[in-house]
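The exercises below are meant to be worked with the sequence and the coordinates open side by side. Each task is followed by a solution that goes step by step.

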Amino acid sequence: NNTLAGNNALLGGGGIYAENSGNTKIRNTVIYGNSAGLGFVNGLPKLTYSFVEGRSDVTNGNIAGSVDPQFTESNPYADAPFITGNYILKATSPIADKGDNSFYLTGSAPDLSTITTDVLGNTRFYNTTVDMGAFEYQPGALPLKLISFEALFKNNAVNVSWQTMDEVNVSHFEIERSMNGISFVEIGIQKADGKAVYDFTDTNLPPGNIYYRLKIQDKDGQTEFSTVKMVRALNFGVLEINTYPVPSNSLVYIANKNKRLIKGLFSVLSTSGKTVMQTYSNPVDIHSLVQGMYYIRIVDVTGKLIGTRSIIKY
């Protein structure tokens, strides 16, 4: 139950490349939209109930890879690397409900009986039969259509905006953020009020690649996720801000280009963007923090965000 899509390789594979791997078993898996499908040297994998672009094998429950699996939103492999897109199958997908349930039965080999949800947390067996791929199609999961979802970096902040239609029985939207595109944390909630156009501003930014998504919750407890959007926010703000020493095990000084200490509010953030301490003192005393990388977010005495700088505690 893997989905491998939108990957680019200079030589072989794209989807999968392997040497001397004749015992590989691929089950309930979708490999499509890569620069190539499979590149196996000295041994072919055993495919069951899978869909691999370019392969004509229809034995063992496989589907010939000459059709479109109909992902909700996919990106071309030429744009790789990326983590955006939506690889949930559409209702008309020819590979929906075409997987094999037997591996999810108690006592099977491998025994996957404890797995009851897909990668998004949705029920793994909609319509009694598992889908091929990492996502299980959920028809009518939420009574709305998400027309657009954007995240844009501007003026030392990220504006997250989205537009909906057919918004009925929706409870609220949870704005989630991640620093690695995998582990997301909630950074805000907006109540669904039927206005169709929403926005949220994230000013508590760590520098680096930042990923955003929406968790859409209806009043019956069902949830759905948007696609993931990435923005890039390196150390930003007034260029003349300096933090020193780096690394430090106690005090960190924040100064302007004339080496005069800046006055303001200093928020120390973890790499996940969580505020771990705040102070008006300069230098900032970080002796109580555990070792690692952090960011100092600097707000001047007027309340204006003027920059973020990285620091290291050793």
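**Exercise 1: a residue and its surface patch**

In this predicted model, V246 is found in the loop that runs between β19 (242–244) and β20 (251–255). Determine whether V246 is buried, partly exposed or exposed, and state which residues make up the nonpolar surface patch with V246.

Solution. Begin with the relative accessibility of V246, which is 42%. Buried would require under 20% and exposed over 50%, so V246 counts as partly exposed. Next, consider the patch itself: V246, M293 and I312 together make a nonpolar surface patch of about 230 Å².

**Exercise 2: the sheet beside that loop**

Give the order of the strands in the open sheet that contains β19 and β20, and explain why β19 and β23 (284–285) each have one side without a neighbour in the sheet.

Solution. The open sheet consists of three strands in the order β19-β20-β23, with antiparallel pairing. Because β19 and β23 stand at the edges and each has a single partner strand, one side of each is left without a neighbour in the sheet. As for the contact between β20 and β23, two bridges join these antiparallel strands, and V252 has V284 in β23 as its bridge partner.

**Exercise 3: a hairpin and its further partner**

Describe how β10 (residues 145–154) and β11 (residues 157–165) pair, and then identify how β11 pairs with β14 (residues 197–202).

Solution. Strands β10 and β11 are antiparallel and share nine bridges; one pair of bridge partners is E150 and S161, the latter in β11. The two strands form a hairpin with two residues between them, and N155 in the turn has a positive phi of about 55°. Strand β11 also pairs with β14, again in the antiparallel sense, over six bridges, and here V158 has D202 in β14 as its bridge partner.

**Exercise 4: the salt bridges**

How many salt bridges does a search of the whole structure find, and which parts of the chain does each of them link?

Solution. The search finds three salt bridges.

1. E136 and R124 form a salt bridge in which the closest N and O atoms are 2.9 Å apart. Both residues lie in the loop between β9 (86–89) and β10, so the pair ties together parts that are 12 residues apart in sequence. With 1% relative accessibility E136 counts as buried, and R124 is buried with a relative accessible area of 3%.
2. R213 and E176 meet through their side chains at 2.7 Å, N to O. This pair links distant parts of the chain, since R213 is in strand β15 (residues 208–218) and E176 in strand β12 (residues 170–178), 37 residues apart. Both R213 and E176 are buried.
3. D202 and R177 form a salt bridge with the closest N and O atoms 2.8 Å apart. Here D202 in strand β14 is linked to R177 in strand β12, 25 residues away in the chain, and both D202 and R177 are buried.

**Exercise 5: the whole chain**

Summarise the secondary structure, the extent and the burial of the protein.

Solution. The protein has zero helices and 25 strands, and its C-alpha trace spans about 75 × 50 × 40 Å along the principal axes. Of its 314 residues, 43% are buried. The exposed area is about 16,200 Å², of which carbon and sulfur atoms supply 50%.

Notes:
Residues are numbered from 1 along each chain as its sequence is written. This is a predicted model: local features need pLDDT of at least 70, side-chain atom pairs count only at pLDDT 80 or more; totals for chains, interfaces and linings use all residues. Side-chain values use heavy atoms; hydrogens and water are left out. Patches are made of residues with over 30% relative accessible area and no salt bridge: like charges are joined within 9 Å, nonpolar side chains (Val, Leu, Ile, Met, Phe, Trp, Tyr) within 5 Å. Accessible areas come from the Shrake-Rupley method with a 1.4 Å probe; for residues, only the protein chains shown count as cover. A salt bridge is a side-chain nitrogen of Lys or Arg within 4 Å of a carboxyl oxygen of Asp or Glu. Helices (H or I, at least four residues) and strands (E, at least two) are DSSP runs, numbered from the N terminus. Buried means under 20% relative accessible area, exposed over 50%, partly exposed in between (1.4 Å probe, protein chains only). Two strands pair if DSSP finds at least two bridges between them.
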